[in-house]
Amino acid sequence: MSLYENTVSIDRLQNSDRKKGRCLLYVPLEENACISLRESAIPLQAGDCLLLQPDTPHTLAAQPGELLCISFSPEFLLQSFLPLVSGCPLLMRFFSDCLRRTKAVPYLHFARREDDIRPLLLSMEKEYADAALYREEILLCDLAGLMMRLARGSWVHAVVAADTDNRFQEIVAYLLKNYRLATLETTARHFNYHPNSIAALIQRETGSTFSHLLRSIRLKQAAFLLTQSPLSVEEVALRCGYAHLGHFYKIFKETYGVTPKAYALGRHVNAR
């Protein structure tokens, strides 16, 4: 079994119970639909998109087979979406919430205007059904592009909790671009903060340390490069900020349960 199996799945099922722990993107293709959350009902016109945080309770009202559902693993947000959406504050906040397992922004409703994304969605659905070589890679690229098209061409409706800290979003965006050489001190200097203030902010927002957040970003990027690039394990380690290969092997195996080499081979064997 691939370590990347079902990174992205696409179907028209009405029951989302089997999508625990995954982000959900719903799109009614030709008929209007309605998705009810705990405190509100969200009407969707054909071509609208509703993006839900993982495990957000909801019920669906749509014609059978008419509501397309794309689900994807939050583990791939760092390498697939966050670097791209860092310039869009609302998307950045939404996906950062996925990283932190909070729901300050429980959903984003993209009301279609000029840019009809349904042809892209149908192309993605066909790619998923064909299950051809490099399906996962193509779907990840398409999904990242879809997010940017939504941010560019739609009116966005969202409920945002008042206590969300924008500074945390900015710190995450900074680390996503500078993870190779970033330290607590250089990050604090960039934001003109004392290192203790940065550390306290991250502890409050994530429940863990700056080092843990940085390591998570580095390792997820390493996992991405191991399976999506021709780089050797040594090159990946250096590119992700690990000068000592032995240390990289140790913490990678602690996190993913296999060595970096086995992780890469597990994906590449599955792709054949």
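**Exercise 1.** Determine whether the length of helix α11 (residues 245–256) in this predicted model agrees with a rise of 1.5 Å a residue.

*Solution.* Step 1: Count the residues; helix α11 has 12. Step 2: Obtain the expected span, for which the rise is multiplied by one less than the number of residues; for α11 this gives 16 Å. Step 3: Compare with the model, where the end C-alpha atoms of α11 are 16 Å apart, which agrees.

**Exercise 2.** Establish how the buried and exposed residues of α11 are arranged about its axis.

*Solution.* Step 1: Apply the cut-off for burial, under 20% relative accessible area; Phe 248, Ile 251 and Phe 252 of α11 are buried. Step 2: View α11 down its axis; the buried residues fall within an arc of 105°, and therefore line one face of the helix. Step 3: Apply the cut-off for exposure, over 50%; Gly 246, Lys 250 and Glu 254 are exposed, and lie on the face turned away from the buried side.

**Exercise 3.** Identify the residue that follows α11 and state the sign of its phi.

*Solution.* The residue is Gly 257, and its phi is positive, near 85°.

**Exercise 4.** Describe the open sheet that contains β3, from strand order to residue pairing.

*Solution.* Step 1: Write the order of the three strands, β4-β3-β6, and note that the pairing is antiparallel. Step 2: Find the edges; β4 (41–44) and β6 (59–61) each pair on one side only, and are the edge strands. Step 3: Give the twist, which averages 20° from one strand to the next. Step 4: Examine one pairing; β3 (residues 33–36) is joined to β4 over four bridges. Cys 34 has Pro 43 in β4 as its bridge partner.

Methods: Residues are numbered from 1 along each chain as its sequence is written. This is a predicted model: local features need pLDDT of at least 70, side-chain atom pairs count only at pLDDT 80 or more; totals for chains, interfaces and linings use all residues. Side-chain values use heavy atoms; hydrogens and water are left out. Helices (H or I, at least four residues) and strands (E, at least two) are DSSP runs, numbered from the N terminus. Buried means under 20% relative accessible area, exposed over 50%, partly exposed in between (1.4 Å probe, protein chains only). The arc is that of the directions from the helix axis to the C-beta atoms. Two strands pair if DSSP finds at least two bridges between them. Axes are lines fitted to C-alpha atoms, for helices over the stretch in contact, and angles run from 0 to 180 degrees between N-to-C directions.
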